Amino acid sequence: EEALTILLDVTAERPYSSTVRAVAHGMLGDHRRAVEFADLVVGDEGSSYLDRVLSEVAAGSAMSALGEDDGARDRFSRARETAERAGDEVAKSIAACAAGTVLGSELGDAEHLGPGWHRVIEGLARTSPHADGQGVGVGS
């Protein structure tokens, strides 16, 4: 948690820094701020597809924790669509695994994601009412 709080102090006004802050706020349980920073990224034409994927994942996780399941599913759907359009296999796995872990549904293939991504997904899912606490797994 100490490392995450350091990330909250990032002040550069760039999509990447807002993405980092959205994820950090989400992992620390500050869900409304996670959504605020994610919205900044999604609304920024200069953001990269990966900025948008990670921000939508952070927002989806936060919305689930806030009990806004329809909004959470929508944000995860957008993350998956963005990753799919980009053709980035890792981004597709992050979006699918995060959605599955947070919403308690079928997981994506997490086998090739490194332990750092597993920690991020588990951290975002920690306060979701649907997460089973089993961590990131490999779905069918």
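This report walks through a predicted model of one protein chain, from its overall makeup to its core, two of its helices and its salt bridges.

## Overall makeup

The protein chain contains 7 helices and 0 strands, so reading from the N terminus on, the elements run α-α-α-α-α-α-α. Of its 140 residues, 46% count as buried. The chain exposes about 7100 Å², and carbon and sulfur atoms supply 49% of that area. If we take the contacts between residues at least 6 apart in sequence, 53% of them join residues at least 24 apart.

How confident is the predictor? The mean pLDDT of the chain is 85, with 81% of residues reaching 70 or more. Among the elements, helix α4 has the highest mean pLDDT, at 97, while helix α1 (residues 2-7) has the lowest, at 54. It is worth keeping that value for α1 in mind when you look at residues 2-7.

## The nonpolar core

The largest nonpolar core has 31 residues, and the members that touch the most others are Val53, Val57, Phe76 and Leu113. Two or more residues each come from α2 (15-28), α3, α4 (49-65), α5 (69-86), α6 and α7 (115-125). Helix α6 gives the largest share, with 8 residues.

Leu113 is a good place to start exploring. Beyond its neighbours within four places in sequence, Leu113 is in contact with Val90, Ser93, Ile94, Cys97, His118 and Ile121.

## Helices α2 and α3

Helix α2 has 14 residues, which should span 20 Å at 1.5 Å a residue, and its end C-alpha atoms are indeed 20 Å apart. Is this helix enclosed or open? With 12 of its 14 residues buried, α2 is largely enclosed by the rest of the structure. Its buried residues include small and polar ones such as Ser17, Ser18, Thr19 and Gly26, along with Arg21 and His25.Thr19 lies in helix α2 and is buried, at 3% relative accessibility. Leaving aside neighbours within four places in sequence, Thr19 is in contact with Val41, Asp51, Leu54 and Ser55. After α2 comes Gly29, whose phi is positive, near 85°.

Helix α3 has 12 residues and reaches 16 Å from its first C-alpha to its last, close to the 16 Å expected at 1.5 Å a residue. Which residues of α3 are buried? They are His31, Ala34, Val35, Phe37, Ala38 and Val41. The cover over these buried residues includes α2, α4 and α5.

## Salt bridges

Side chains of opposite charge can pair when their charged atoms come close. In this model the count comes to 8 salt bridges. Three of the pairs are set out here, each with its N to O distance.

| Pair | N to O distance |
|---|---|
| Glu36 and Arg33 | 2.9 Å |
| Glu84 and Lys92 | 3.7 Å |
| Lys92 and Glu89 | 2.8 Å |

Where do Glu36 and Arg33 sit relative to one another? The two are 3 residues apart in helix α3 (residues 31-42), so about one helical turn separates them. Glu36 is partly exposed, with a relative accessible area of 41%, and Arg33 is partly exposed as well, at 31%.

Lys92 appears in two rows of the table, once with Glu84 and once with Glu89. Lys92 and Glu89 are 3 residues apart in helix α6 (residues 89-103), which again puts about one helical turn between them. Glu89 counts as partly exposed, at 49% relative accessibility.

A network of salt bridges links a further set of residues: Asp39, Glu56, Asp74, Arg75 and Arg78.

## After the last helix

Finally, look at Ser128, found in the segment after α7. Is Ser128 buried or exposed? Its relative accessible area is 7%, under the 20% cut-off, so Ser128 is buried. Not counting residues up to four places away in sequence, Ser128 touches Ser64, Ala65 and Val102. Ser128 and Thr101 are 27 residues apart in sequence, and their C-alpha atoms are 9.0 Å apart in space.

Notes. Residues numbered from 1 in each chain as written. Predicted model: local features only at pLDDT ≥ 70, side-chain atom pairs only at ≥ 80, totals over all residues. Heavy atoms only, no water. Salt bridge = Lys/Arg side-chain N within 4 Å of Asp/Glu carboxyl O. Helix = DSSP H or I, 4+ residues; strand = E, 2+ residues; numbered from the N terminus. Buried < 20%, exposed > 50% of the residue type's maximum accessible area, 1.4 Å probe, protein only. Core = buried A, V, L, I, M, F, W, Y, C linked by side-chain atoms within 4.5 Å. Contact = heavy atoms within 4.5 Å. Expected span 1.5 Å × (residues − 1). Areas by Shrake-Rupley, 256 points an atom, 1.4 Å probe, with all protein chains shown as cover. pLDDT = per-residue confidence, 0-100.
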